[in-house]
Amino acid sequence: MQKFLSAHDVADIESLVNKALFYKSNPLSDSSLGAGKRIGCIFMNPSMRTRLSTQIAAKNLGIEPILLNAGSEGWALEFEDDAIMNGTTVEHIKDAARVFGQYFDILAVRAFPAFKNREDDYSEHIMKQIVKYSGLPVVSLESATLHPLQSLADIITMTEKKPAGRPKVVLTWAPHIKSIPHCVANSFAQWVNKWDKADFVITHPEGYDLDSSFTSGAQITHNQKEALEGADFVYVKNWSSYNDYGAVLNTDTSWMLTNAHLENTNDAKVMHCLPVRRNIELSGEVLDGPNSIVTHQAGNRVWAAQAVLSEILKA
Amino acid sequence: MQKFLSAHDVADIESLVNKALFYKSNPLSDSSLGAGKRIGCIFMNPSMRTRLSTQIAAKNLGIEPILLNAGSEGWALEFEDDAIMNGTTVEHIKDAARVFGQYFDILAVRAFPAFKNREDDYSEHIMKQIVKYSGLPVVSLESATLHPLQSLADIITMTEKKPAGRPKVVLTWAPHIKSIPHCVANSFAQWVNKWDKADFVITHPEGYDLDSSFTSGAQITHNQKEALEGADFVYVKNWSSYNDYGAVLNTDTSWMLTNAHLENTNDAKVMHCLPVRRNIELSGEVLDGPNSIVTHQAGNRVWAAQAVLSEILKA
Amino acid sequence: MQKFLSAHDVADIESLVNKALFYKSNPLSDSSLGAGKRIGCIFMNPSMRTRLSTQIAAKNLGIEPILLNAGSEGWALEFEDDAIMNGTTVEHIKDAARVFGQYFDILAVRAFPAFKNREDDYSEHIMKQIVKYSGLPVVSLESATLHPLQSLADIITMTEKKPAGRPKVVLTWAPHIKSIPHCVANSFAQWVNKWDKADFVITHPEGYDLDSSFTSGAQITHNQKEALEGADFVYVKNWSSYNDYGAVLNTDTSWMLTNAHLENTNDAKVMHCLPVRRNIELSGEVLDGPNSIVTHQAGNRVWAAQAVLSEILKA
């Protein structure tokens with residue numbers, strides 16, 4: 001694997017999942033694979049699970065993680081190609097990425113969408129510049145439109161927890177008070193479609209259609225109740241509007257998953273990428289109840305990262 | 001040792017002190033005790049000595065410390081049990097602690113009092129949730145009401161520096177311009193009482209009584225001059241009011257320790273947990289003079305942490 | 001080497017450069033030199049290259065780097081000797097430095113000028129207190145007036161890239177929108193003068209004379225065009241006024257280096273310490289063109305730091 005920015009970078013999802021599950025049972029089996037190498041983990045946005053799991057995965061493989069919070073420990077970066085930098089940005093991503101290329105063997109980067117312009121965000125302008133100018137294998141720690149390490153952990157989790165046969169997987173929109181990126185939802189859709197081992201339904205209120213380049217292959221409905229019927233997995237996530245880019249169009253609390261919503265499911269396992277706003281996105285009763293597998297899912301972030309870093313180190 | 005939140009978690013203070021002093025002479029004698037393990041160090045409040053000494057202690061024992069500044073690198077955490085999270089908090093401590101439980105072998109946490117409500121702070125609401133939901137052995141890096149690693153370092157320091165016989169130990173209130181937590185004072189009182197190897201006097205202006213569950217056993221007086229007579233150790237510390245919770249009732253500068261205050265002591269050693277506001281809490285002349293042992297005391301933070309982590313790793 | 005605060009701490013620049021170049025070819029040749037030792041890296045100001053390169057250099061030598069962002073992870077430090085600390089500062093540098101002395105074997109510190117008072121900044125008041133009170137070998141990661149690790153990397157870079165014979169080296173002032181420290185320019189002048197292997201010219205607009213204690217030995221001119229003639233290396237850097245301390249006197253964009261400025265040079269290599277404001281300090285066309293060696297130069301920061309830490313560890 002030369003880079004890990006989306007499901008397209010993965011030749012075979014099932015074999016990557018198996019590799020992750022192998023590491024889960026044998027965390028230190030490749031503990032000198034990355035000896036003498038360094039991974040730069042650059043955070044342009046806050047992170048908790050992603051940072052910790054990547055750090056742990058790197059350590060398990062013997063590759064030294066070096067963290068940099070580009071904003072709070074450094075300074076604002078510029079992303080416009082021919083900018084005249086007389087404003088608040090102090091360093092251009094071109095120059096920073098080239099320097100990272102001198103210091104690291106692998107680069108892992110988190111950069112959220114700017115939500116100023118959909119074309120810019122959806123072109124993955126920032127990530128592309130980092131790939132181009134660093135010259136390094138780049139791992140996305142969440143980008144403007146995707147979150148592939150999360151999705152890989154999600155597939156790992158469903159592989160472990162699924163009933164016999166082909167499961168029904170439902171991605172349901174949930175309410176939120178803020179304008180939230182599409183990354184987790186886009187990415188989950190992209191991966192479940194490519195995985196192709198589930199009946200996949202996406203449900204959301206009107207106006208919340210995601211970019212069809214990620215969702216096509218899934219059944220899409222505005223009827224949450226119908227979508228949930230017989231579900232084996234319910235993935236709960238808010239996203240803001242794609243068409244009216246970044247807008248919060250609906251805060252209908254009836255979309256928030258409660259125990260009542262689970263009644264007609266197949267005793268569905270409930271998933272969420274975390275962090276979650278309790279009793280806004282997802283009810284406390286579900287999170288604290290027997291159907292929630294969100295903690296288990298978060299734990300799998302380590303093995304997802306370890307499988308990916310291993311593939312890149314071996315390339 | 002299953003956790004380290006207060007003196008109550010310590011079976012025998014003297015033997016823990018001896019263990020710390022052994023590590024002080026032999027820092028790397030257990031350098032593979034923690035091999036392959038990780039301690040998560042979560043800071044909800046700033047820290048200098050506590051962070052550095054815990055990191056060093058962990059490294060000395062071969063356990064990997066992973067630091068997270070939960071506020072500046074992550075986001076605001078919610079602590080109310082059934083909160084409807086439509087405000088500024090992004091993740092509930094329940095969910096975060098459960099995830100920490102997936103990533104770490106030991107958890108070390110710093111969380112100051114909120115000073116909104118004494119009952120909440122004195123119930124150690126935050127620390128208790130972290131213990132409950134992480135399922136891990138938890139080490140306090142200072143909590144709402146206590147600072148046990150500091151107190152252990154204080155006892156280590158007095159053990160090294162005490163004259164023959166039973167020393168007189170005085171905890172004196174000092175002026176400050178801000179509302180300061182009670183943790184260091186509560187904890188020092190709790191530990192000196194449990195240690196039971198000193199004559200212990202606490203002196204403070206009226207209105208500054210600490211919670212008697214920590215202080216009972218000590219002699220308490222409003223007469224600082226009388227308290228200091230014959231003292232072998234003077235522990236200087238500000239705290240805000242317990243009864244009028246969090247209030248600054250007194251800024252009488254005559255309570256600030258100067259060389260003149262030391263005249264009727266037994267050439268007392270002066271202690272402070274640091275950071276200290278010079279010439280407000282404690283005079284520069286004392287801090288820079290021969291009676292101050294504050295630097296030595298801060299150095300002992302490493303050995304306190306190493307003894308505690310060692311006991312937890314061996315449990 | 002007992003400390004590394006300026007070129008005066010280096011007995012022989014050429015041999016230090018050779019040591020750095022040796023490490024560049026053999027990064028792990030002394031990988032156990034610093035075993036069991038710790039370097040505290042204290043940042044009072046943001047840093048990207050300096051932090052990453054010092055961390056990597058330390059790891060290459062087997063010495064454990066421990067980072068502390070003194071501001072954002074800790075609190076504001078006080079530097080006035082007899083301050084009555086009733087303001088916003090929480091700990092005196094005296095007390096903090098003494099504690100660092102307990103925890104580390106080497107101390108590396110970044111502290112920018114305060115720009116309040118030239119005498120204070122030029123006395124290197126902060127760095128001197130850290131040296132005095134920590135009792136440790138101190139490495140400057142940039143101080144109020146100097147940036148010696150940068151300058152060493154600059155000399156390494158010129159050693160690698162220079163044509164046969166004695167090169168012509170030009171330090172040219174560049175425009176900027178903010179009041180920028182003199183450190184990089186002072187330090188480059190000090191090192192090139194001590195190195196004494198180049199014809200050295202400094203060019204800047206009127207009012208921008210640097211402190212002659214650093215520049216004397218160089219030819220100084222206000223005529224940039226004349227200065228650039230036949231140059232082998234052009235070092236581009238903004239600095240604010242020394243005489244009218246900290247003032248921005250000139251923003252004349254014609255001083256910004258473009259390809260046209262390079263026409264009468266000897267196909268000059270262009271250097272900058274980074275971060276650089278594109279199209280303000282230095283044109284994008286130069287930075288992205290074949291004459292720029294800024295990325296290579298930034299890469300050499302690792303080997304400069306490794307050579308210095310190695311000399312200190314061996315002392």
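1. A good place to start is the axis: B:Ser72 is the residue of chain B that comes closest to the rotation axis, its C-alpha lying 4.6 Å away. In chain C that role falls to C:Ser72, at 4.5 Å (C-alpha). Please keep in mind that this is a predicted model, in which local features need pLDDT of at least 70 and side-chain atom pairs count only at pLDDT 80 or more, while totals for chains, interfaces and linings use all residues. Residues are numbered from 1 along each chain as its sequence is written, and chains are lettered from A and ligands numbered from 1 in the order in which they are written.

2. Now the symmetry itself. Two copies of a chain are related by a rotation about an axis and a shift along it. A turn of 120° with a shift of 0.0 Å along the axis lays chain B on chain A at an RMSD of 0.0 Å; that is the relation of a three-fold axis. Chain C can likewise be laid on chain A by a turn of 120° and a shift of 0.0 Å, with an RMSD of 0.0 Å. These superpositions are by least squares on the C-alpha atoms of residues with pLDDT of at least 70 in both copies.

3. Next, the fold of a single chain. Chain A has twelve helices and eleven strands, where helices (H or I, at least four residues) and strands (E, at least two) are DSSP runs numbered from the N terminus. Its radius of gyration is 19 Å, close to the 20 Å that the globule rule gives for 315 residues, so chain A is as compact as a globular protein of that length. The radius is taken over C-alpha atoms, and the rule is 2.2 Å times the number of residues to the power 0.38. The C-alpha trace of chain A spans about 55 × 50 × 30 Å along its principal axes.

4. On packing, 58% of the 315 residues of chain A count as buried. A residue is buried if 20 or more other C-beta atoms lie within 10 Å of its own, exposed if 12 or fewer, and partly exposed in between, with C-beta atoms placed from the backbone. Of the contacts in chain A between residues at least 6 apart in sequence, 78% join residues at least 24 apart; a contact here is a pair of C-beta atoms, placed from the backbone, within 7 Å.

5. The largest nonpolar core has 330 residues, and A:Val234, B:Val234 and C:Val234 have the most contacts inside it. Such a core is a set of buried Ala, Val, Leu, Ile, Met, Phe, Trp, Tyr and Cys residues joined through C-beta atoms within 7 Å. Beyond four places in sequence, the residues that C:Val234 touches include C:Val170, C:Leu228, C:Leu257 and C:Met271.

6. Helix 2 of chain C (residues 49-60) deserves a look. Its twelve residues reach 16 Å from first C-alpha to last, close to the 16 Å expected at 1.5 Å a residue; the expected span is 1.5 Å times one less than the number of residues. Twelve of the twelve residues of this helix are buried, so it is largely enclosed by the rest of the structure. Among the buried ones are C:Arg49, C:Arg51 and C:Lys59. C:Gly62 follows the helix with a positive phi, near 75°.

7. That helix also matters for the contact between chains C and A, where 25 residues of chain C meet 22 residues of chain A. Helix 2 of chain C gives the most to its side, with six residues. By class, this side has 13 nonpolar, eight polar and four charged residues. Ala, Val, Leu, Ile, Met, Phe, Trp, Tyr, Cys and Pro count as nonpolar, Asp, Glu, Lys and Arg as charged, and the others, Gly among them, as polar.

8. Between chains B and A, 22 residues of chain B are in contact with 25 residues of chain A. Helix 4 of chain B gives the most to the side touching chain A, with five residues, and that side has nine nonpolar, six polar and seven charged residues. Only 5% of the interface residues of chain B are also interface residues in chain A, so the copies meet through different surfaces.

9. One last residue: A:Cys41, in strand 1 (residues 38-43) of chain A. A:Cys41 is buried, with 24 other C-beta atoms within 10 Å. Its contacts beyond four places in sequence include A:Arg51, A:Thr54 and A:Leu141.

Methods. Contact = placed C-beta atoms within 7 Å.
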